[in-house]
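Visitor: Could you show me the structure and explain the terms used for it?

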Amino acid sequence: MHIEVLTEDSSGKVLLEHLLPKLIGRNGEPHSWRVTAYRGIGRIPPSMKSGDPAKRILLDQLPRVLGGYAKTPDIDAVVVVLDADDRDCAAFLAELRYLAASRGAEGKTMFRLAIEETDAWYFGDPNALQTAYPKARKAVLKRYRQDAVCGTWEMLAGALHPGKPGGPLPGDLKHEWANRIGPLMNPDANRSPSFIKLRDGLRRLVAAPAIQPGQTPSG
């Protein structure tokens with residue numbers, strides 16, 4: 001099986017490239033996969049027509065991209081990983097699934113939302129997080145409620161990099177976390193509900209028989 005994975009930013013790509021071998025095996029052994037990063041999430045075009053491809057904004061480009069994947073027989077599944085931010089998850093997923101159906105890609109596409117952001121998945125593995133950052137502020141880590149909408153990345157930055165105003169930009173921090181915490185993460189021990197949905201969905205996907213026209217990848 002070959003899986004195309006789409007993520008809204010490059011730090012998400014880095015994290016997923018650390019995690020996918022733990023979830024479905026090394027690339028090509030036996031399943032192959034490719035992670036493509038975009039430059040932000042954007043929004044679904046009201047007309048369902050993609051904008052300028054050069055802008056590389058995920059939701060803006062998704063109608064065009066899914067339409068292309070729907071016509072590509074060598075691509076067995078598409079997994080789109082997005083931050084939910086403060087959206088209503090049920091309504092957002094309904095919009096995404098309608099988009100996929102409108103492009104003829106519902107039989108190939110699985111959407112997964114990180115609640116509120118993928119940074120929640122680091123909180124979901126406290127052993128990995130504290131191994132990577134042994135000086136992390138435990139009081140801040142204890143205040144976090146898993147998968148809460150609470151300014152997740154800011155809270156994580158406060159725990160790992162206290163007292164550093166004017167320090168690294170958010171994108172730089174997120175890349176650092178992906179590279180330091182990601183390799184240490186244990187998918188089977190993670191307690192983030194949104195990460196568990198990604199983990200279990202991917203494992204069901206590669207364990208299932210080949211997807212037939214009209215079928216949809218596991219929830």
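What follows is a set of questions about terms, each with its answer.

Guide: This is a predicted model, in which local features need pLDDT of at least 70 and side-chain atom pairs count only at pLDDT 80 or more, while totals for chains, interfaces and linings use all residues. Residues are numbered from 1 along each chain as its sequence is written, and side-chain values use heavy atoms, with hydrogens and water left out.

Visitor: Why are strand E1 and strand E2 called paired?

Guide: Two strands pair if DSSP finds at least two bridges between them. E1 (residues 2-7) and E2 (residues 32-37) have 6 bridges, in the parallel sense, so they meet the definition. Val5 stands opposite Val35 in E2. The names come from DSSP runs numbered from the N terminus: helices are H or I with at least four residues, strands are E with at least two.

Visitor: How do you know that the span of helix H3 agrees with the expected one?

Guide: The expected span is 1.5 Å times one less than the number of residues. For the 14 residues of H3 (residues 89-102) that gives 20 Å, and the end C-alpha atoms are 20 Å apart, so the two agree.

Visitor: What makes Asp147 buried and Arg56 partly exposed?

Guide: Buried means under 20% relative accessible area, exposed over 50%, and partly exposed in between (1.4 Å probe, protein chains only). Asp147 has 13%, so it counts as buried. Arg56 has 27% and is therefore partly exposed. Asp147 is in the loop between helix H6 (138-143) and helix H7 (152-160), and Arg56 is in the loop between E2 and H2.

Visitor: Which residues of H3 are buried, and how do you know on which side they lie?

Guide: They are Phe92, Leu93, Leu96, Leu99 and Ala100. These residues cover an arc of only 120 degrees around the axis, so they are on the same side of H3. The arc is taken from the directions from the helix axis to the C-beta atoms. On the other side of H3, Ala90 and Tyr98 are exposed.

Visitor: What is said to cap the N-terminal end of H3?

Guide: Asp88 caps that end, with a side-chain oxygen 3.2 Å from the backbone nitrogen of Ala90. A polar contact is a pair of N or O atoms within 3.5 Å; within protein, one must be able to donate a hydrogen and the other to accept it, and residues adjacent in sequence count only if both atoms are side-chain atoms. The distance of 3.2 Å is within the 3.5 Å limit.
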